[in-house]
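Work through the exercises below with the model open beside you. Try each task before reading its solution.

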Amino acid sequence: MKKTVDVSIPLGPVHPCWKEPVRLKCETAGERVLRTEVELGYMKKGIERIMRGRPWQEVMFLAERVCGICSVIHNMVFIETMEEISDIAVPPRAAYLRVIVNELDRMASHILANFSYCYTIEHETLAMYLLNTRETVLDNLERITGSRINTAYMIPGGVRFDLLPEDAAAMLADLVKVEDEIRRHTRIFETGPLIALRSKGIGVMSREEAIRAHTVGPTARASGVEESDLRLRHPTYRALGFEQITRTEGDNFARIMVRFQEVFQSIDLIRKCVERLPEGPIRGGGLCKAGEASYSGEAPRGELTYSIKTDEYGRVLDIAIRTPSIMNIEACAHSMIRDVTSIADVTSTFISSDPCIACNER
Amino acid sequence: MTGYLYEKDLRQMKYNILTSTKHDEAVRAIAQRLGLTDAKLRMVLIRRFDMSLLENLGSRWEMGQQYADNNDDPVAEELGCELFTRFVPLVDPQVMQSICDETRAMIGNESSRDEAIARGKARIREAVLS
């Protein structure tokens, strides 16, 4: 009779499926995973320490370097926190432009996350299709902001560049193409029998577990947590009639499908913004003052919070950043991966929660 | 046998997580609720929790404040039965259950309610430090 032994299987820190270094220690009994521990600390930047004592003009550029995948939202939340501290108003046109750039960034991030998942379950064809589509999204981000990744688009009281009518028309034409492609990719994902085998009913996290670990973003929404999208509370999104997407399955399939659905939603939001884009200035101006505030925004992975304390010259005296991956990685290790029936599902389940190690370690 | 340096001692990294601004606030609040010193609680957390659980400590504590022990059981609420087993897993659920049952029995046996709760909290402290 074959003897079953308990073994500890390390995954990473350097692993073909990981985008960034992280180590998972899985304790298994045969194929069943009994316990998983996540080891972090391979790419600690100490960026919060670097930010302290610097003027906001420098911290603004540092903030978006916390994460390369969702840099726009780091820029946006930092700037909106500074605006809250200093009571600076944003012109309506700038507020709509912020939403356009933020949604383009969300689309790029969601498509990359789904690429990673497809690559992990070895559906490389769909993975490469998705990367190809992401290029079009990044081209549009570059068209508006002049940069593909670290855009530094938002500043206190407005944005740096206006959206020209010819650029808006080109972007809308590109979005039609992106929408068609994503619709085709979603159909491949939804109907693929091998994808279903690797995704449906795997890595299930219940709503209660999701709440207990304070999971956020698509990970929480895929487990049926209502009102977990902070865009519901953002004034510009509310004006656009934003509604949260929620699924109840709580498995890998649901997490990926929520992201696909949110890409369609982002396209709709951008179209609405272009349609309703008010005339007027893109910069209102204002001075950054002394104060203290904590402000949250909805990043592609969920709730991103900046707690900032400034002095009268706008220097950042203290800053604490809580990124969404902190909550999602913990829930993944202690809820989704626990009791997985095959060690092969560990990587795909971990990737399905879209972990951002750069955000997590800051 | 060659061993990895980072596997030998993670205490410094775990301590760095716990002493960051937001985590420090959470640790102080938990220590106050349990009646422990901050240093002792930090020691327990470093020994028991992995790094991802430590990183998520503040969020779990917040959610615990909001959702734990909302079932109209004043004893469970005062002792933090769900809070310290499911949200911030510092006590084994079976041990916590026995502490809760004993506390309820003490209250039923006509001893003072405050005394019974204080005894229960003392046992929770013992369980956390064990």
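**Exercise 1: Two backbone outliers**

A:Glu122 sits in the loop between helix H4 (92-120) and helix H5 (124-145) of chain A. Helices (H or I, at least four residues) and strands (E, at least two) are DSSP runs, numbered from the N terminus. This is a predicted model: local features need pLDDT of at least 70, side-chain atom pairs count only at pLDDT 80 or more, and totals for chains, interfaces and linings use all residues. Residues are numbered from 1 along each chain as its sequence is written, with chains lettered from A and ligands numbered from 1 in the order in which they are written.

Task: State the phi of A:Glu122 and classify its exposure.

Solution.
- Step 1. Phi of A:Glu122 is near 65 degrees, a positive value in a residue other than glycine.
- Step 2. Recall the classes: buried means 20 or more other C-beta atoms within 10 Å of the residue's own, exposed 12 or fewer, partly exposed in between, with C-beta atoms placed from the backbone.
- Step 3. A:Glu122 has 12 other C-beta atoms within 10 Å, so it is exposed.

Task: Do likewise for A:Ala152, in the loop between H5 and strand E4 (154-155) of chain A.

Solution.
- Step 1. A:Ala152 is not a glycine, yet its phi is positive, about 45 degrees.
- Step 2. Its count is 18 other C-beta atoms within 10 Å, so A:Ala152 is partly exposed.

**Exercise 2: The A-B contact**

Task: How many residues of chain A are in contact with chain B, and which element gives the most?

Solution.
- Step 1. Contact means C-beta atoms, placed from the backbone, within 7 Å.
- Step 2. 20 residues of chain A are in contact with 18 residues of chain B.
- Step 3. H12(A) gives the most to the side of chain A that touches chain B, with 6 residues.

Methods: Two residues are in contact if their C-beta atoms, placed from the backbone, lie within 7 Å.
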